[in-house]
Amino acid sequence: MSNTKVLPLLEPAPGEAAVPCCPPVTERPFTAEEAEMAARMFKALGDPVRLRLFSAVASHEGGEACVCDISDVGVSQPTVSHHLKKLKEAGLLTSERRGTWVYYRVEPTVLAAMGQLLIKAAPAA
């Protein structure tokens, strides 16, 4: 039995449009600023530990996860904190401190925006 889970694309809240960082790659060439922004997001996800942490937050019940629930990724707690900081700096996660724990959420429009960037780039079947 597989433990894989398909992550849904998050739709923006009513009245809130997905704001992509960049146009679809097939629309026009990126400006230097757009390329820098997209590269920062994908670079953050290019690390296997960061990708696991991002996936753990995105797939966690309720759409948010306490750091205490997602830190079992095979590295020390300081390393987990470092990777979560990098995901936040790339604009992929937000966090909120509640007492002694920090809770993480995927930035509300990031999955939809990243999906728009890539889906429109896929060739028609």
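Student: What pattern does the protein follow, read along the sequence?
Tutor: This is a predicted model, where local features need pLDDT of at least 70, side-chain atom pairs count only at pLDDT 80 or more, and totals for chains, interfaces and linings use all residues. Residues are numbered from 1 along each chain as its sequence is written, and side-chain values use heavy atoms, leaving out hydrogens and water. Helices (DSSP H or I, at least four residues) and strands (E, at least two) are numbered from the N terminus. There are five helices and three strands, and they follow the pattern α-α-β-α-α-β-β-α.

Student: Which helix or strand supplies the largest share of the largest nonpolar core?
Tutor: Such a core is a set of buried Ala, Val, Leu, Ile, Met, Phe, Trp, Tyr and Cys residues joined through side-chain atoms within 4.5 Å, with buried meaning under 20% relative accessible area (1.4 Å probe, protein chains only). The largest core has 23 residues, and Leu 53 and Phe 54 are among those touching the most other members. Elements supplying at least two residues each include α1 (32-45), α2 (48-59) and β3 (101-106). The largest share, four residues, comes from α2.

Student: Which residues does Leu 87 touch, not counting those up to four places away in sequence?
Tutor: A contact means heavy atoms within 4.5 Å. Leaving out residues up to four places away in sequence, Leu 87 touches Ala 44, Leu 45, Arg 50, Leu 53, Phe 54, Leu 92 and Leu 93.

Student: What percentage of the protein's residues count as buried?
Tutor: The total here is 125 residues. Of these, the buried share is 31%.

Terms used:
Buried means under 20% relative accessible area, exposed over 50%, partly exposed in between (1.4 Å probe, protein chains only).
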